[in-house]
Amino acid sequence: MSSSPLSKKRRVSDSETKTGSHCSSSNSVRTELSHTPTNGMAKNGNDAEIDEGLYSRQLYVLGHDAMKRMQSSNVLVSGLRGLGVEIAKNVILGGVKSVTLHDQGQAEWRDLSSQFYLREEDLGKNRAEVSRIRLAELNSYVPVVAYTGVLIDDYLTQFQVVVLTNSPLEEQQRVGDFCHSNGIKLVIADTRGLFGQLFCDFGEEMLVIDTNGEQPLSAMISMITKVIISISRVYEARHGFESGDFVTFTEVQGMTELNGCQPVEIKTLGPYTFSICDTTGFGDYVRGGIVSQVKMPQKVVFKPLTASMAEPEFVLTDFAKFERPGQLHLGFQALHSYQRKHSRLPKPWCQADGEELVSLAKEVNSGQTGSAKVDELDDKLIKKLAFVSAGDLAPLNAFIGGLAAQEVLKACTGKFMPIMQWLYFDALECLSEEEGGAMLTEEDCAPRNSRYDGQIAVFGSQLQEELAKQRYFLVGAGAIGCELLKNFAMIGLASGEGEVIVTDMDTIEKSNLNRQFLFRPWDVTKMKSETAAAAVKQMNPSIRITGHQNRVGPDTERVYDDDFFESLHGVANALDNVDARMYMDRRCVYYRKPLLESGTLGTKGNVQVVIPFLTESYSSSQDPPEKSIPICTLKNFPNAIEHTLQWARDEFEGLFKQPSENAMQYLTDAKFLERTLKLPGAQPLEVLEAVYKSLVTDCPHSWADCVIWARHHWQCQYSNNICQLLHNFPPEQLTSSGAPFWSGPKRCPHPLEFSTSNHLHMDYVMSGANLFAQSYGMQGSTDRVGVAKILDSLSVPTFVPRSGVKIHVSDQELQSANANVDDNRLEELKTLLPGPEASSHFKLTAIDFEKDDDSNFHMDFIVAASNLRAENYHIPPADRHKSKLIAGKIIPAIATTTSAVVGLVCLELIKIVQGHKKVESFKNGFMNLALPFFTFSEPISAPSHKYYEIDWSLWDRFEVKGLQANGEEMTLRQFLDYFKNEHQLEITMLSQGVSMLYSFFMPAAKLKERLLLPMTEIVTKVSKKKLGKHVKALVFELCCNDLTDEDVEVPYVRYTIR
């Protein structure tokens, strides 16, 4: 369960997909890919220097070029308290050339509240030196060194990026001036209790290669006018362009001057049209063409720190706090003045120190001459900054540290738009909800030589006691799960009599190590939950944590039963799929437990907090249904690489998984044939034909048979079927309206001619033959020369297209077509198929697709199958890396986003533990670090419903005790009467899950019988399932009429049976 998808349903395909230049070669195109799989297949990949096994998910965020630029960047991180170690961790995981850790300070008690690589035995030791050993384990490709000297100018010249944390203003200005004048990029980051600050200066010549990281858009053209300001129109789907975008053209017929032109700036006129340049001197537009967006580099100019302090530009993190950045800009400068004067920060919740900081802030403001000057200082805000500034909170460091590390990666790569130039953040909502915040005392928040001193300074000791008692269920120990556990350990969650239960059924893989930072190379193949639990125990030995390996769902409700959920204080999801999220959401609503929900998708992240009786639930809002590719597009009319990759995935399932499953079921399950014959339409014939092929006609007896099978299949898919398609619809075919049939989204294909000297053809046969052999339990081979010899001696019959073959042009036509079932053939197959006694002769294995093992031939087959079909249809091929993303439905992920998102989640957790009751105190958040963009909103309240004068929401229900005073259970009649008498509701229908227990239209005899039965007996009778001993209550859904005989919507019933 790794990092979660951002939305509830991840979009896999996009109808506005990318197609490029026309490929007219009759020979197969071989994509030049330099990554060599361990099974001896042809090279596939883009850069052998990048460990794609480790960085694969991050590569889908940054790309190979950005990763290569990052690998030439030396980074200095100064200040190794909680914020510094968070930044260093994320930068090291990212894969820069080297990281130098700088700190002249020794570890103190207050550092332990957020510095997860310091232990109690490290107190008094240099923070950089102690942290270096543990940070170096994160990524063996990144050398990590510690430096404890002074940051002199000469020392700084070796770095491309310098990061300052916990640094005096004078040092910031000195280093800032030096870096700006020497082309060194600078990031300054600080956290003070509930407040965070970030500053970037990437010089006066910063070139941003890609401002947003989104895939370039493309669309198919339906028309181009020939005028001074030419208008282009696209087919059906919206183009998605914006004015100011640059585009180029391919495959335009007639107006060929546009093909391969220099990028042209456009102006959008509507969702389907846009204007381009003067085309009056060009040829007349005939038809076709693809328009593709081109990412243009953008130059960004930064002011040096001193100038930017006087004339600041702010990135807003919360639009509800529009005035706050300007106030905090002065407040942080006042804090530096206070430290310079007293050699310490203001004491926690000290009134006198707070008053003094306000005075200093006023002095700072009065000394301003530029736009940094504010009309009126917010004294209350500055006081709160003073009260909490000595604090050091792990969640805030996680958020600001994630952002700061992403800025370092931007500085190294030129990928994504940097923060211009200041960002301020606060989480004051975490304080008491009482007006102005409950005034904690200095005594409440004074340091006590505890690992939680940095947190006690902000919230006092009472919250620490509450955190220690918490019992939380964490579902998932992937990227988000690891970050959550680290934060749980740091804040002291379940460090007393509480407990954290973490479950994840996955094992650790190499690709996890790039962002699931609790795992090391030597942990690969171990269980995630146990390994993560052991790792955070090292960070805080006091945390009580238990690792499970269970999937959450109906199957594990005996483990996660009523007693389990009722003992919890809350649940945190760290899941990677919508179904499991929605299941956990339903459980939390039923047991009325808070739920912390979050997800990431590349640089995008979101946080949702679900509070019983206060907010809507996760399932209350739905994403739009994901776009699916029409069947006829996949089968006959692909126009984008996404289509050919999906087709290749379907081929994989249809060749190496489904047939083996069906064949073995036929041999081992006596009722398989009976079930199959009951399937609708032509399915019985299709399934039995496939079984017959698997067990009789296609069953191989040697490796050579597997090779021959693969070669014949190649011929069928890439030559014969295309010839048949062109026989039905010749290239010059016209539609009934006289338009060319092969135009717009329909690309006219051409058949391929097999050659053993073509690497892609051989890749297909080698991977297909090996997978076919695997499915029959036979030994494969990687001997390409030997396979070529078999193929050279093989004679492939010449294909002659047949008349009368029906090829459906649209899905509507396909659905309306009546499937003709050949009953005679069906009967014949039943006699031809081997009997069950033959099962001992077969060892068929269904192969499950696994994208991350380069030795298993799976991706080799997908890449070859997809690119051959792409060549059939003149679609530019995709390399192995892109093919794996699309075919494997990989969720791009990067450690920076995960860190930032989880920081926000844990701020919400603190509010929940404090007992916040106002919906406006909580924050749902969305961010896109690439833009950068942040937005926060209060959660949506739970929608309210009404029957009679009673208001109810999804959190309400009827509580009915099944066992009566006499010890007997309620019958259905008594249940119906109870609602009529107690609630004035007449039940018209009653169900439990998918079982209908009662309805007003039920036959009289059945009704008479049921009315006298106990409720649980009816449930077991109708559902045909026994109730487990762990089940304490049942959930009933009702349809009711009120006294006026009108339908009314009512809550569900919790019917207690034990």
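**Close-ups of a predicted model**

**View 1. Helix α8 and the residue that follows.** Right after α8, S343 adopts a positive phi of about 60°. This is a predicted model, so keep that in mind for every view here. The helix itself covers residues 324-342, and its 19 residues at 1.5 Å each should span 27 Å; the end C-alpha atoms sit 26 Å apart, so the two values agree. Most of α8 is tucked away, with 14 of its 19 residues buried. As a reminder for reading the helix, an α-helix has 3.6 residues a turn, so residues three or four places apart point the same way.

**View 2. Strand β2, covered on both faces.** Here we look at residues 98-102: 5 of the 5 residues of β2 are buried, so the rest of the structure largely encloses this strand. In a regular strand, side chains alternate between the two faces of the sheet. In β2, one side carries S98, T100 and H102, the other carries V99 and L101, and all of them are buried.

**View 3. β1 next to β2.** Strand β1 (residues 74-78) lies parallel to β2, and the pairing takes 5 bridges. If you want a spot to zoom in on, N74 stands opposite S98 in β2. To get from β1 to β2 the chain goes through helix α3 (residues 82-94), and this β-α-β crossover is right-handed.

**View 4. β3 next to β2.** Strand β3 (residues 144-147) also pairs with β2 in the parallel sense, over 4 bridges. L101 has A146 of β3 as its bridge partner. The connection here is a right-handed β-α-β unit too, made of β2, helix α4 (residues 127-136) and β3.

**View 5. Strand β14 and its two antiparallel partners.** β14 takes in residues 290-294, and 4 of its 5 residues are buried. Strand β8 (residues 218-224) runs antiparallel to β14, joined by 3 bridges. One pair to pick out is S218 with its bridge partner S292 in β14. Strand β10 (residues 246-250) pairs with β14 as well, again antiparallel, with 5 bridges. In that pairing, V247 stands opposite Q293 in β14.

**View 6. The annotated stretch at residues 922-1053.** An unreviewed UniProt entry annotates this part of the chain as "domain: Ubiquitin-activating enzyme E1 C-terminal". What is the helix and strand content over residues 922-1053? In the model, the stretch is 22% helix and 35% strand, and its end C-alpha atoms are 30 Å apart.

How values were computed:
Residues numbered from 1 in each chain as written. Predicted model: local features only at pLDDT ≥ 70, side-chain atom pairs only at ≥ 80, totals over all residues. Heavy atoms only, no water. Expected span 1.5 Å × (residues − 1). Buried < 20%, exposed > 50% of the residue type's maximum accessible area, 1.4 Å probe, protein only. UniProt positions renumbered as here; feature names shortened; annotations may be inferred. Pairing = 2+ DSSP bridges. Right-handed = clockwise from strand over helix to strand, strands pointing away.
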